[in-house]
Amino acid sequence: MSSPENGPEGEAAGPAEVAGPAQILPVVAPQLRALRRRASLTLEAAARSAGLSPAHLSRLETGQRQPSLPMLLALARIYGTTVSELLGETVADRDAVVRAADMEPTAAGGWTYWQAGASGRGMQALRVHVPHRSQGDIVRVHPGEEWLHVLKGELRLRLGDTTHRLGPGDSAHFDSLTPHRIAAQDEGGVELLFVHTLMQSPTATLCLGPTPGETS
């Protein structure tokens with residue numbers, strides 16, 4: 001008899017996996033199969049790369065299981081695509097160049113952001129101003145990767161149990177499932193270039209449900 005943590009064939013269920021026929025994301029199953037074939041991967045090879053059993057991936061491709069958000073991110077990387085395409089979404093043509101005049105500032109949580117890349121991509125690029133004493137106590141943990149580069153000021157970056165001080169010209173690239181905190185060390189704040197992998201669609205949050213806290 002299988003336990004609640006295991007599927008009918010004994011493999012461990014993925015995080016926040018939703019059992020039963022697809023209702024929230026009906027297009028995911030055929031897209032998963034089509035994109036795997038486009039990548040010229042067998043079911044066994046794709047499953048191995050994603051850390052799944054072939055039977056588990058087969059159930060995702062036939063709509064008998066819904067993938068969690070981390071699964072979607074992993075499969076998108078393996079197939080060389082974005083979560084948007086896995087979800088069957090179409091995105092209008094985007095200009096490869098973002099002009100400085102088009103970078104409107106957006107304030108959120110005390111930080112100021114300027115969009116430095118096109119929307120709807122697999123990564124989001126931002127220029128960020130982090131004021132002193134702003135959000136330094138917020139610990140962030142979420143799927144994906146982050147890269148940051150200090151333009152001005154001194155940054156205090158805590159990764160797990162280790163604290164790093166970064167000055168102008170310094171960079172950091174880390175797995176964002178590592179608990180991390182970002183804070184400005186200087187009174188004048190810190191200016192950053194910031195790139196992170198992005199869950200392309202707000203629909204994707206339905207796979208995990210509401211996520212508490214705020215991602216960086």
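A residue counts as buried when its relative accessible area is under 20%. By that criterion, Leu43, Ala45, Ala46 and Ala47 are the buried residues of helix 2, which spans residues 43-50. The structure discussed here is a predicted model. Its chain contains 5 helices and 11 strands, and 38% of its 216 residues count as buried.

**Chain as a whole**

- The accessible surface of the chain comes to about 11600 Å². Carbon and sulfur atoms account for 53% of that surface.
- Among contacts in the chain with a separation of 6 or more, 68% are between residues 24 or more positions apart.

**Helix 2 and helix 3**

- The buried residues of helix 2 pack against three helices, namely helix 1 (28-38), helix 3 (54-61) and helix 4 (69-79).
- In helix 3, the buried residues are His56, Leu57, Arg59, Leu60 and Glu61. Their cover includes helix 1, helix 2, strand 2 (65-66) and helix 4.
- Two packed helices are described by the angle between their axes and the distance between the axes.
- For helix 2 and helix 3, the packing angle is about 105° and the axes lie 8 Å apart. Helix 2 is therefore roughly perpendicular to helix 3, because angles of 65 to 115 degrees fall in that class.
- The residues of this contact comprise 5 nonpolar, 1 polar and 2 charged. From helix 2 come Leu43, Glu44, Ala46 and Ala47, and from helix 3 come Pro54, Leu57, Ser58 and Glu61.
- Ala46 and Ala47 are thus listed both as buried residues of helix 2 and as residues that meet helix 3. On the side of helix 3, Leu57 and Glu61 are buried and also take part in the contact with helix 2.
- A glycine with positive phi follows helix 2: Gly51, with phi near 75°. Helix 3 is followed by Gly63, whose phi is positive and near 80°.

**Strand 11 and its partners**

- Strand 11 (residues 190-197) is mostly covered, with 6 of its 8 residues buried.
- Strand 5 (residues 123-130) runs antiparallel to strand 11, and 8 bridges join the two. Within this pairing, Val130 is placed opposite Val190 of strand 11.
- Strand 6 (residues 145-152) also pairs with strand 11 in the antiparallel sense, over 6 bridges. Here Lys152 has Glu191 of strand 11 as its bridge partner.
- In a regular strand the side chains alternate between the two faces of the sheet.

**The open sheet 8-7-10**

- An open sheet is formed by 3 strands in the order 8-7-10, with antiparallel pairing.
- Strand 8 (162-166) and strand 10 (180-184) are the edge strands, each pairing on one side only. From one strand to the next, the twist averages 20°.
- Strand 7 (residues 155-159) and strand 8 are joined in the antiparallel sense by 5 bridges. Leu155 stands opposite Leu166 of strand 8, and Arg156 stands opposite Arg165 of that strand.
- The hairpin of strand 7 and strand 8 has 2 residues between the strands. In this hairpin, Gly160 adopts a positive phi near 60°.

Definitions and conventions:
Residues numbered from 1 in each chain as written. Predicted model: local features only at pLDDT ≥ 70, side-chain atom pairs only at ≥ 80, totals over all residues. Heavy atoms only, no water. Buried < 20%, exposed > 50% of the residue type's maximum accessible area, 1.4 Å probe, protein only. Helix = DSSP H or I, 4+ residues; strand = E, 2+ residues; numbered from the N terminus. Pairing = 2+ DSSP bridges. Contact = heavy atoms within 4.5 Å. Axes fitted to C-alpha atoms, helices over the stretch in contact; angles between N-to-C directions. Parallel < 35°, antiparallel > 145°, perpendicular 65-115°, else oblique. Nonpolar A, V, L, I, M, F, W, Y, C, P; charged D, E, K, R; others polar. Areas by Shrake-Rupley, 256 points an atom, 1.4 Å probe, with all protein chains shown as cover.
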